[in-house]
Amino acid sequence: MDKLIAIIGDIHSNLDALEVVLEDCRREGVTDYLCTGDVVGYGAQPHECLELVRSLGCPIVMGNHDHYVSSFQDLDDFNPAAAEVVEWTRGALSQEELEFLASLPFKSVNMGITLVHATLDNPSAFGYVFDHLQAEAHFVHQVTSLCFHGHTHCPMIYEKQLGAVYRIDAQDFKLPIGRKYFINVGSVGQPRDGDPRAAYALYDVKSRTVRFRRLEYDIASAQSKILEAGLPERLAARLEMGQ
Ligand code: ZN
């Protein structure tokens, strides 16, 4: 059977967005899922999101928020609002769920595709890839032709060909053979590219085509849950700005 892979990540405890994305996956005929991490953090439904993502039975890599919440590292270096959300999220998850998050790998290879939350250039340091120099540092470590990631919450394609790295702006993109691709799938639950719609990507293995998907979801519902939970107001406000 032909594989259609959905790559989802940076869900950030936003169940309203996640449900809409998974409905779209079913409509599109997705056969496999990959998760680039940050299932939790920021939003009000970490338990529900984790349960739903685990029910997909798919590979998941460790996001920085998954790590902060489950590692019980001390939060002195965090700004107070960020520390508050980490503490709140720890309290909303069971011991078993925290252990599950703590067990996630920093990178993985499945179906010949590499998965990492931020960059393969020291994956547990969670550096940001916003330009081609940072992408170059990543490509040194990428052995498969295709690697998906998230972390910046901005969809993006980097291509490496004949030693040079290029950024490609495309919505639907057929991957030529013989080059390497490092593709940011954007964020399901907290997009930051100015478009507030939920983002994820589809990869059709046979045609080697990547499609970026954007979907409207009930932002007001996600916002009211954040406010009801007593989480910082800014986390609700930014959802409608896509920042
Ligand atoms: Zn994130």
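**Exercise 1. Find which residues touch the most other members of the largest nonpolar core, and which helix gives the most to this core.**

Solution. Of the 49 residues in the largest nonpolar core, Ile8 and Tyr200 are the ones that touch the most other members. A nonpolar core is here a set of buried Ala, Val, Leu, Ile, Met, Phe, Trp, Tyr and Cys residues joined through side-chain atoms within 4.5 Å, where buried means under 20% relative accessible area, exposed over 50% and partly exposed in between, computed with a 1.4 Å probe on protein chains only. Helix H1 (residues 15-28) gives the most to this core, with 6 residues; helices (H or I, at least four residues) and strands (E, at least two) are DSSP runs numbered from the N terminus. A second, separate core has 19 residues, including Ile7, Phe148, Leu175 and Tyr181.

The structure is a predicted model, in which local features need pLDDT of at least 70 and side-chain atom pairs count only at pLDDT 80 or more, while totals for chains, interfaces and linings use all residues. Residues are numbered from 1 along each chain as its sequence is written, and side-chain values use heavy atoms, with hydrogens and water left out.

**Exercise 2. Identify the protein donors of the zinc ion and classify the site.**

Solution. Begin with the atoms: Asp10 (OD), His12 (NE2), Asp38 (OD) and His153 (NE2) are the protein donors, lying 2.1 to 2.4 Å from the zinc ion. Donors are N, O and S atoms within 2.8 Å of the metal (3.2 Å for Na, K and Ca), and since water is not among the atoms, sites may look incomplete.

Next, place the donors along the chain, where they follow the spacing D-x1-H-x25-D-x114-H.

Then examine the geometry: the angles among the 4 donor atoms run from 85 to 176 degrees, and the site is irregular. Four donors count as tetrahedral if all angles lie between 85 and 135 degrees; four count as square planar and six as octahedral if opposite donors are over 155 degrees apart and all others between 65 and 115; anything else is irregular.

Finally, consider exposure: Asp10 is buried, with a relative accessible area of 0%, and His12 is buried as well, at 1%. His153 is likewise buried, with a relative accessible area of 1%; this residue lies in the loop between strand S5 (146-149) and strand S6 (156-161), and its phi is near 65 degrees, a positive value in a residue other than glycine.

**Exercise 3. Determine how helices H7 and H8 are oriented to each other, and which residues meet.**

Solution. Helix H7 (residues 219-228) and helix H8 (residues 233-241) pack at an angle of about 175 degrees, with their axes 8 Å apart. The axes are lines fitted to C-alpha atoms, for helices over the stretch in contact, and angles run from 0 to 180 degrees between N-to-C directions. The two helices are therefore roughly antiparallel, given that angles under 35 degrees count as roughly parallel, over 145 as roughly antiparallel, 65 to 115 as roughly perpendicular and the rest as oblique.

From H7, Ile219, Ala222, Gln223, Ile226 and Leu227 meet Glu233, Leu235, Ala236, Ala237, Leu239 and Glu240 in H8. Among these, Ile226 counts as buried at 3% relative accessibility. Leaving aside neighbours within four places in sequence, the contacts of Ile226 (heavy atoms within 4.5 Å) include Leu235, Ala236 and Leu239, together with Tyr42, Gly43 and Ala44.

**Exercise 4. Work out why helix H3 is largely enclosed, and what follows just after H3.**

Solution. Helix H3 (residues 64-71) is largely enclosed by the rest of the structure because 6 of its 8 residues are buried. The buried residues in H3 are Asn64, His65, Asp66, Tyr68, Val69 and Ser70, and what covers them includes helix H4 (80-92) and helix H5 (95-102).

Just after H3, Phe72 takes a positive phi of about 55 degrees. Phe72 lies in the loop between H3 and H4 and counts as partly exposed, at 49% relative accessibility. Leaving aside neighbours within four places in sequence, Phe72 is in contact with Arg90 and Leu98.

**Exercise 5. State whether Leu162 is buried or exposed, and locate this residue.**

Solution. Leu162 is in the loop between S6 and strand S7 (164-168), where its relative accessibility of 86% makes it count as exposed. Leu162 has a positive phi of about 50 degrees although it is not a glycine.
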